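Please work through the exercises below with the sequence and the model at hand, trying each task before reading its solution.

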Amino acid sequence: MSTNQNIFPQAVTAHPGQNVIIIVYKIKEVEQAEERIKDFCDNFSAYMRSMLNRFPNSEFSSTIGFGAKAWERFFAHLGTPKELAEFIPITGDKYTAVSTDGDLIFHIRANKMGYCHEFASIIEMKLGDVVESIDETHGFRYMDGKSIIGFVDGTENPHVDLDPFAFAMIGDEDQDFKGGSYLFVQKYIHNMQGWNSISTEEQEKVIGRHKFNDVELTDEEKPANAHNKVTNIEDDNGNELKIIRANIPFANTSTREYGTYFISYARSFATTNKMLQNMFVGEPIGNTDRLLDFSTPITGTLFFAPSYDLLGEMAGGDD
Ligand code: HEM
């Protein structure tokens with residue numbers, strides 16, 4: 001999609017999707033890595049066009065993002081996005097938002113897993129010998145967009161009356177990286193036994209919404225540590241600060257692994273980070289998010305998802 005400034009951002013505001021593959025790679029310390037990565041940047045839009053042309057009804061999209069170390073290694077000559085750095089872990093009295101490695105991320109979505117797989121296999125074909133997998137997670141849309149803990153997830157995303165791009169895309173504040181986005185991910189594992197042992201009414205107080213119909217609890221009903229209270233933040237002038245969330249559930253019932261892959265795109269990482277501070281440290285300190293009593297992040301990595309225009313420059317600019 002083109003914006004009014006004629007910058008072509010990646011699909012950072014797309015619907016969370018029916019099926020998702022998220023892959024985080026480390027880029028190996030091998031000589032051919034640089035050429036291969038730049039070549040991939042050069043061809044990324046062509047791979048996307050090919051997929052959309054072959055499968056026009058697939059609702060396919062993929063974003064590519066780069067971690068701070070990878071950016072320094074290959075693209076430092078283009079400058080660095082103002083807020084791109086390795087994620088600093090957030091340690092509160094009870095919970096920690098860990099920081100884990102990641103050079104390259106792909107967030108692939110489509111209405112059938114086969115399309116996601118097709119694109120993942122193209123990535124592997126082109127980059128396989130210069131990357132190593134850190135994590136690959138396959139997620140799915142659950143019922144009416146519920147997280148695996150049974151509550152609809154994504155409701156408060158900017159939509160209908162708010163321009164999602166305004167919250168997801170870097171603007172004039174960082175000219176060289178305009179149209180890019182800060183992609184922050186965390187893989188959470190839920191304590192399902194603990195979660196299922198509390199009543200529906202108590203679960204609703206954890207999330208701040210009704211389970212049955214997704215309606216928000218009133219201010220009087222909502223405890224101070226409800227998830228949607230803790231993550232609802234404003235700037236100094238009282239304007240709501242938002243991010244775009246594209247969380248996806250994953251599960252392996254026979255091994256009893258239940259999780260949420262938290263995926264967020266933001267114009268400024270400071271917004272996401274403030275939400276994390278509120279969740280893990282608390283505001284005031286100690287008012288940690290009740291959701292963390294049942295959810296533990298095992299990863300946490302910040303990436304920068306460049307615009308298509310910048311991807312062209314990253315390739316070396318000769319296309
Ligand atoms: C275990 C992982 C998580 C789960 C299962 C989860 C689930 C949910 C659910 C069910 C809602 C209510 C519906 C909605 O508005 O989307 C919600 C709201 C929200 N979540 Fe999360 N979430 C998780 C992690 C996070 C993290 C790490 C952040 C921020 C860094 C975050 C930010 C938000 C925001 C901003 C809202 C909307 C708050 C508002 O009403 O203004 N969530 N989440």
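Two exercises on this predicted model follow, one on the ligand site and one on a pair of helices.

**Exercise 1.** Describe the shell around the ligand, and find which protein atom serves as donor to the iron atom of the ligand.

Solution. Begin with the shell as a whole: 26 residues surround the ligand, and the closest are Gly154, Glu156, His227, Asn232 and Arg245. By residue class, the shell divides into nine nonpolar, 12 polar and five charged residues. Next, assign the shell to elements: β7 (181-190), α7 (227-230), β12 (257-266) and α8 (269-280) each supply at least two residues, and the largest share, four residues, comes from α8. Then turn to the iron atom, which has a single donor from the protein, NE2 of His227, 2.0 Å away; His227 itself is found in helix α7. Finally, look at the oxygen atoms of the ligand: a backbone N or O atom of Gly154 lies 2.6 Å from one, a backbone N or O atom of Glu156 lies 3.0 Å from an oxygen atom of the ligand, and the side chain of Arg245 places an N or O atom 2.8 Å from a ligand oxygen.

**Exercise 2.** Determine how the axes of helix α1 and helix α2 cross, and which residues meet.

Solution. Two packed helices are described by the angle and the distance between their axes. Here the axes of α1 (residues 33-54) and α2 (residues 68-75) come within 11 Å and cross at roughly 100°. Angles of 65 to 115 degrees count as roughly perpendicular, and α1 and α2 are therefore roughly perpendicular to each other. At the contact, Ala33, Glu34, Ile37, Lys38 and Cys41 in α1 meet Arg73, Phe74 and Phe75 in α2; these residues divide into five nonpolar, no polar and three charged.

Key
Residues are numbered from 1 along each chain as its sequence is written. This is a predicted model: local features need pLDDT of at least 70, side-chain atom pairs count only at pLDDT 80 or more; totals for chains, interfaces and linings use all residues. Side-chain values use heavy atoms; hydrogens and water are left out. A residue is near a molecule or strand if one of its heavy atoms lies within 4 Å of it. A polar contact is a pair of N or O atoms within 3.5 Å; within protein, one must be able to donate a hydrogen and the other to accept it, and residues adjacent in sequence count only if both atoms are side-chain atoms. Ala, Val, Leu, Ile, Met, Phe, Trp, Tyr, Cys and Pro count as nonpolar, Asp, Glu, Lys and Arg as charged, and the others, Gly among them, as polar. Donors are N, O and S atoms within 2.8 Å of the metal (3.2 Å for Na, K and Ca); water is not among the atoms, so sites may look incomplete. Axes are lines fitted to C-alpha atoms, for helices over the stretch in contact, and angles run from 0 to 180 degrees between N-to-C directions. Angles under 35 degrees count as roughly parallel, over 145 as roughly antiparallel, 65 to 115 as roughly perpendicular and the rest as oblique. Contact means heavy atoms within 4.5 Å.
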